[in-house]
Amino acid sequence: MGWALAAVTVALLVAAIVLYNRLIADRNLARQGYADIDVQLKRRADLVPQLVEAVRGYASYEKSLLTTVTELRTNALAAQGGAARFALEKELGARLGQLVLLQENYPQLKADANFLDLQAKLVEVEDHLQYARRFYNGAVKQYVTRLETFPDTIVARLFGFQPLPFFETDDRAPVKVQL
């Protein structure tokens, strides 16, 4: 009887260790995805001042949009935590789309080589950001699924594992750049 109890105890302990390690691996994968997103968001943030300056020279009437983009960039860089930052970054992405579309109203802006270069870089960063977001959201989905399924949920609750936020964006059409 004592051997059976010891065997069950060891089996439960091994199962708990395996489940714990699997949760840690999934959480670390999601954190890696977040780090990849962070790199792309910083690359995008580095383009914002240059884009604002390029547009400012041609579109002086768009001061409120330029101010909004600048403020959103500052707030997004200062934001702590995934969900709050993701909301600011989502708004910044939408405003950057508006900024790029200003070329339709200002033909001289459309002809500016610096603006076209910045626009191409922005499209490249947005593509990389989309890939990073997909990876991150997939990793978060796997992690959250483990947190919510039996028997992982027991270990997750015992050790205080918390879900991570998804990085949601508005569905939008692909960015079209006319060079």
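## Meeting this model through its salt bridges and helices

Reader: Let's jump right in: how far apart are the closest N and O atoms in the salt bridge between aspartate 38 and lysine 42?
Author: To count as a salt bridge, a side-chain nitrogen of Lys or Arg must lie within 4 Å of a carboxyl oxygen of Asp or Glu. Aspartate 38 and lysine 42 form one, and their closest N and O atoms are apart by 3.1 Å.

Reader: Before we go on, what kind of model is this?
Author: Residues are numbered from 1 along each chain as its sequence is written, and side-chain values use heavy atoms, with hydrogens and water left out. Local features need pLDDT of at least 70, side-chain atom pairs count only at pLDDT 80 or more, and totals for chains, interfaces and linings use all residues, since what you have here is a predicted model.

Reader: Which helix do aspartate 38 and lysine 42 both lie in?
Author: Helices (H or I, at least four residues) and strands (E, at least two) are DSSP runs, numbered from the N terminus. Aspartate 38 and lysine 42 are four residues apart, about one turn of the helix, and both lie in α1.

Reader: Is aspartate 38 buried or exposed?
Author: Under 20% relative accessible area means buried, over 50% means exposed, and partly exposed is in between (1.4 Å probe, protein chains only). Its partner lysine 42 has 42%, so lysine 42 is partly exposed. Aspartate 38 has 16%, so aspartate 38 is buried.

Reader: Which residue does glutamate 89 meet in a salt bridge?
Author: The two side chains come to 2.6 Å, N to O, and glutamate 89's partner is arginine 44. Glutamate 89 lies in helix α3 and its partner in helix α1, so the pair ties together parts that are 45 residues apart in sequence. Both residues are buried, and that partner of glutamate 89 is arginine 44.

Reader: Which residues are linked in a network of salt bridges?
Author: The structure holds ten salt bridges. We've already met the pair of aspartate 38 and lysine 42, and the pair of glutamate 89 and arginine 44. The network links Asp38, Lys42, Arg44, Arg85, Glu89 and Glu126.

Reader: At what angle do helices α1 and α3 pack?
Author: Axes are lines fitted to C-alpha atoms, for helices over the stretch in contact, and angles run from 0 to 180 degrees between N-to-C directions. Helix α1 covers residues 2-56 and helix α3 residues 82-101. Their axes are 11 Å apart, and the packing angle is about 35 degrees.

Reader: Which residues does leucine 41 touch, leaving out those up to four places away in sequence?
Author: Leucine 41 is in helix α1, and at 1% relative accessibility it counts as buried. Leucine 41 is among the α1 residues that meet α3. With contact meaning heavy atoms within 4.5 Å, leucine 41 touches Arg85, Glu89 and Leu129.

Reader: What is the relative accessibility of glycine 33?
Author: Glycine 33 is also found in helix α1. Leaving out residues up to four places away in sequence, glycine 33 touches Ala132, Phe135 and Tyr136. Glycine 33 counts as buried because its relative accessibility is 0%.

Reader: Which residue forms a salt bridge with aspartate 152?
Author: The closest N and O atoms of this pair are 2.8 Å apart, and aspartate 152's partner is arginine 22. The pair links distant parts of the chain, 130 residues apart, with aspartate 152 in helix α6 and its partner in helix α1. Aspartate 152 counts as buried at 3% relative accessibility, while the partly exposed partner, with a relative accessible area of 31%, is arginine 22.

Reader: Is the peptide bond from phenylalanine 150 to proline 151 cis or trans?
Author: Most peptide bonds are trans. Proline 151 is found in the loop between α5 (113-148) and α6. The bond from phenylalanine 150 to proline 151 has omega near 5 degrees and is cis.

Reader: Is threonine 153 buried or exposed?
Author: Threonine 153 is in helix α6, residues 152-159. Not counting residues up to four places away in sequence, threonine 153 touches Arg146, Leu147 and Glu148. Its relative accessible area is 14%, so threonine 153 is buried.

Reader: And is leucine 158 buried or exposed?
Author: Leucine 158 is found in helix α6 too. Its relative accessibility is 65%, so leucine 158 counts as exposed.
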